[in-house]
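Trainee: Please take a close look at the salt bridges in this structure. Which residues take part, and how do they sit in the fold?
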Amino acid sequence: MAWWGTAAAVFIVSWLLRYNDPGGAFGGLTDDHFFYLVRGWQILFGELPVRDFVDHGAPLYYYVGAAVQLVFGRGTWSEIAFAVTVLSLCASLTWWLAARASGSILLGLIGAGFHVLLEPRFYNYPKLLAYALAVPALWAFADRPGSWQRLTLAAVTVLSFLFRHDHGVYVGVAVLTVLLALEGRRWIERARDALVYGAQVLLLLLPYLLFIQVNGGIVPYFRSAVAWADRDRVRAVAARIEGHP
């Protein structure tokens with residue numbers, strides 16, 4: 001009971017702190033947030049990523065943004081409230097993960113405190129959500145390797161990939177690392193798990209990949225996404241050198 005109560009307290013404190021001090025200059029959002037949000041608005045006008053506008057590798061982000069606007073109302077407030085809620089949920093998950101790993105509620109609170117005080121920008125919520133979901137899924141598979149646990153890992157990998165492609169790659173690498181590190185399993189079993197996991201990920205991604213192939217091709221799409229990521233990385237380094245945030 002204490003664990004559930006502490007998780008709820010972490011969520012509430014995080015939510016109140018971030019909601020009452022959003023810090024964004026544009027209706028509570030930072031300018032980079034609109035890079036993703038306007039694509040969600042385009043979906044509401046009937047356009048689709050890849051087919052009608054450039055998708056740099058975050059299709060699920062655009063659809064979530066569109067759903068938030070559709071369900072909770074147009075404007076920046078609904079996006080702020082949603083992002084604050086997801087970030088606060090991630091703070092609770094951070095507390096639970098840290099407390100479980102350390103066996104201490106206090107150390108879990110310290111971990112969650114770091115999470116909250118970092119004040120991640122609202123548009124970065126997928127960076128936290130992907131791994132807050134992946135870590136417990138990895139633990140569950142490591143504790144009891146089974147079909148459902150493996151399928152859960154595949155689903156989390158695909159979810160992370162669709163939020164932003166590199167997150168899916170990182171989660172996939174973590175899954176393969178766990179498969180290699182598992183004790184008490186023969187190499188043939190590890191190879192089978194890896195192959196089945198890969199097949200499940202590919203099957204779940206198949207509709208998305210087919211859509212890309214029909215609308216321009218998979219190879220040009222990923223070539224463009226990699227080129228954009230390289231340019232953005234150079235821009236970020238240049239901004240840090242010049243002293244810009």
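Mentor: What follows covers the salt bridges, one network in particular.

This is a predicted model, in which local features need pLDDT of at least 70 and side-chain atom pairs count only at pLDDT 80 or more, while totals for chains, interfaces and linings use all residues. Residues are numbered from 1 along each chain as its sequence is written, and side-chain values use heavy atoms, with hydrogens and water left out.

Side chains of opposite charge can pair when their charged atoms come close. The structure holds five salt bridges (a side-chain nitrogen of Lys or Arg within 4 Å of a carboxyl oxygen of Asp or Glu). One of them joins Arg 150 to Asp 193, with 2.6 Å between the closest N and O atoms. Arg 150 belongs to helix 7 (residues 147-163) and Asp 193 to helix 9 (residues 187-214), so the bridge ties together parts that are 43 residues apart in sequence. Helices are DSSP runs (H or I, at least four residues), numbered from the N terminus.

Arg 150 is buried at 12% relative accessibility, and Asp 193 is buried at 2%. Buried means under 20% relative accessible area, exposed over 50%, and partly exposed in between (1.4 Å probe, protein chains only).

Asp 193 also forms a salt bridge with Arg 192, the closest N and O atoms being 3.7 Å apart. Arg 192 is partly exposed, with a relative accessible area of 44%. Arg 150, Arg 192 and Asp 193 are thus linked in a network of salt bridges.

Another salt bridge pairs Asp 166 with Arg 164 at 2.7 Å, N to O. Asp 166 is partly exposed at 24%, and Arg 164 is partly exposed at 26%.

Note on methods. Helices (H or I, at least four residues) and strands (E, at least two) are DSSP runs, numbered from the N terminus.
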